[in-house]
Amino acid sequence: MNILIIGTGYVGLVSGACFSEFGFKVTCIDHDKSKIKNLKKSIIPIYEPGLNDLVKKNIDNKNLNFDTNANKYLNKSDCIFLAVGTPSRRGDGHADLKFVFKAVEQICLRINKKIVLVTKSTVPVGTAKKIKNIIKKYKKDELITVASNPEFLREGSAINDFLRPDRVVIGTNDEYSRLLLNSLYKPLNIRQVPIVNTDTETSELIKYASNSFLATKITFINEISVFCKKTGTNIGDVTRAMGLDKRIGSKFLHPGPGYGGSCFPKDTLAMSKIFKDHKIKFNIVDSVIKTNDKIKENLSAEILKIIKANKISKVLFLGLSFKPETDDIRESSSIFIIKYLLKKHKNLSISAHDPVAIPNAKKEKLNIKYHFDLNKSFESQQMVIIGTEWNIYRSINFKNLFSQMSSHVIYDLRNIYIHDKEIVKLGFKYYSLSSK
Ligand code: UDX
């Protein structure tokens with residue numbers, strides 16, 4: 001089976017590498033020449049654990065190839081995955097499908113054999129129908145059938161999520177596409193991975209509904225956490241006891257400074273718009289979007305108040321990425337709070353450490369200093385804010401830290417040290433998302 005993947009962002013790249021790992025012949029296309037040049041040498045533009053080795057292994061065994069031009073592969077492919085960006089359209093939050101439709105038209109102009117055209121990117125409900133209309137306009141509907149196969153990859157664990165998924169969702173409206181796509185995921189049968197076969201629109205909805213629900217679950221526990229802080233009740237016991245209820249489950253029940261990333265913010269907004277387009281208000285998701293923003297703003301204001309009350313002039317941020325194990329800073333709470341503080345407190349000196357996200361953070365051109373050496377970053381700081389729960393921040397030696405800092409305030413946005421009594425005994429003022 002020959003697979004063509006258009007778009008080598010983290011979805012296209014991970015999907016291409018994993019399909020080639022299944023033994024299929026995969027070619028990944030991107031119009032970014034320098035990116036393709038690097039990928040051919042298995043130089044990966046994103047930080048994704050294990051991706052480098054997987055790409056290198058499959059280039060070496062000739063299952064994986066990269067190119068800038070799809071044309072010479074179109075009529076040698078059995079299926080084509082669209083993994084191009086579907087960013088939020090500025091201003092109204094709809095998913096922008098211009099890259100999707102451009103790729104479809106390019107394919108229609110040149111295809112002369114039967115293929116299945118699959119949307120892998122997250123696309124609004126009804127996109128497959130729009131693609132079919134384009135195909136009809138080019139009179140290629142005899143050759144091209146359209147399918148939906150959404151990804152459920154988390155940054156930082158994307159390869160595992162592809163090779164050991166909880167489920168595979170396949171959206172087709174014809175037997176040929178359904179059989180072909182199910183055969184692509186046959187290698188997962190040994191792990192008895194459930195495959196949900198449905199129609200294209202339902203498949204598109206499943207992706208948005210799943211992400212919107214996960215964002216809702218996180219926002220729910222973030223609000224409970226705010227309540228716990230106010231009332232001195234124990235958020236750890238609340239999440240543990242809730243999570244033991246199999247109907248709730250313990251995953252995605254960790255309070256934080258608001259969700260970030262390239263998906264939840266984009267997908268919740270798009271979900272709300274899709275409902276609006278059908279004259280339905282998605283009350284819960286609309287409230288999740290507003291609440292998540294409010295949580296980040298309220299936290300930022302609280303931190304500013306603590307800075308002023310303690311006459312802090314030097315703050316160190318630990319963690320800039322929106323979550324651990326990624327260099328992605330999109331919608332990161334740390335970046336949000338840093339921008340807020342820079343705006344509201346002109347002469348505050350902010351510095352930051354992050355294991356991998358500093359190069360991406362530098363593109364934001366923030367007026368802050370960066371530390372690559374964690375141990376040296378603490379010197380003469382007055383406040384340390386733990387923004388992202390990277391493992392290296394889980395074993396801070398507070399005794400040493402105390403002697404390095406000129407005053408001693410900690411804000412732990414991930415509740416990592418919430419049960420560590422030693423910190424307060426050493427003389428630190430310790431703040432966290434909730435009191436216990
Ligand atoms: C998400 C979905 O999980 C994935 O299925 C989809 O394909 C893409 O979007 P991702 O955005 O990479 O994946 O990260 P995820 O691990 O879901 O975390 C998203 C945000 O929620 C992060 O800011 C994270 O810090 C936050 N989060 C996650 C919490 O605050 N608490 C949790 O318990 C889990």
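## Exercises: a ligand and two domains

In this predicted model, an oxygen atom of the ligand lies 3.5 Å from a polar backbone atom of Phe152. Let's start from there.

**Exercise 1.** Find the ligand's partners and see how well the protein covers the ligand.

*Solution.*
- Step 1: Look for other oxygen atoms with a polar partner. An oxygen atom of the ligand is 2.8 Å from an N or O atom in the side chain of Lys207, and for a polar backbone atom of Leu253 the distance to a ligand oxygen is 3.4 Å.
- Step 2: Turn to the cover. On its own the ligand has 660 Å² of accessible area, and the protein covers 94% of that.
- Step 3: List the neighbours. There are 19 residues around the ligand, and Glu155, Lys207, His254, Gly260 and Lys323 come nearest.

**Exercise 2.** Describe how domain 1 and domain 2 meet.

*Solution.*
- Step 1: Locate the domains. Domain 1 spans 2-198 and domain 2 spans 221-436; their centres, taken over C-alpha atoms, are 34 Å apart.
- Step 2: Count the residues in contact: 17 from domain 1 and 18 from domain 2.
- Step 3: Read the buried area. The two domains bury about 1400 Å² between them, with 54% of it on carbon and sulfur atoms. On the domain 1 side, Tyr47, His94 and Glu155 lose the most area, together 43% of what that side buries.

**Exercise 3.** Which side chains form a salt bridge with a distance of 3.7 Å, N to O?

*Solution.*
- Step 1: Apply the cut-off: a side-chain nitrogen of Lys or Arg must be within 4 Å of a carboxyl oxygen of Asp or Glu.
- Step 2: Name the pair. Arg330 and Glu155 meet in this salt bridge.

Terms used: Residues are numbered from 1 along each chain as its sequence is written. This is a predicted model: local features need pLDDT of at least 70, side-chain atom pairs count only at pLDDT 80 or more; totals for chains, interfaces and linings use all residues. Side-chain values use heavy atoms; hydrogens and water are left out. Domain bounds come from an automatic or database domain assignment. Contact means heavy atoms within 4.5 Å. Buried area is the accessible area (1.4 Å probe) that two parts lose on being put together, summed over both. A residue is near a molecule or strand if one of its heavy atoms lies within 4 Å of it. A polar contact is a pair of N or O atoms within 3.5 Å; within protein, one must be able to donate a hydrogen and the other to accept it, and residues adjacent in sequence count only if both atoms are side-chain atoms. Accessible areas come from the Shrake-Rupley method with a 1.4 Å probe; for residues, only the protein chains shown count as cover.
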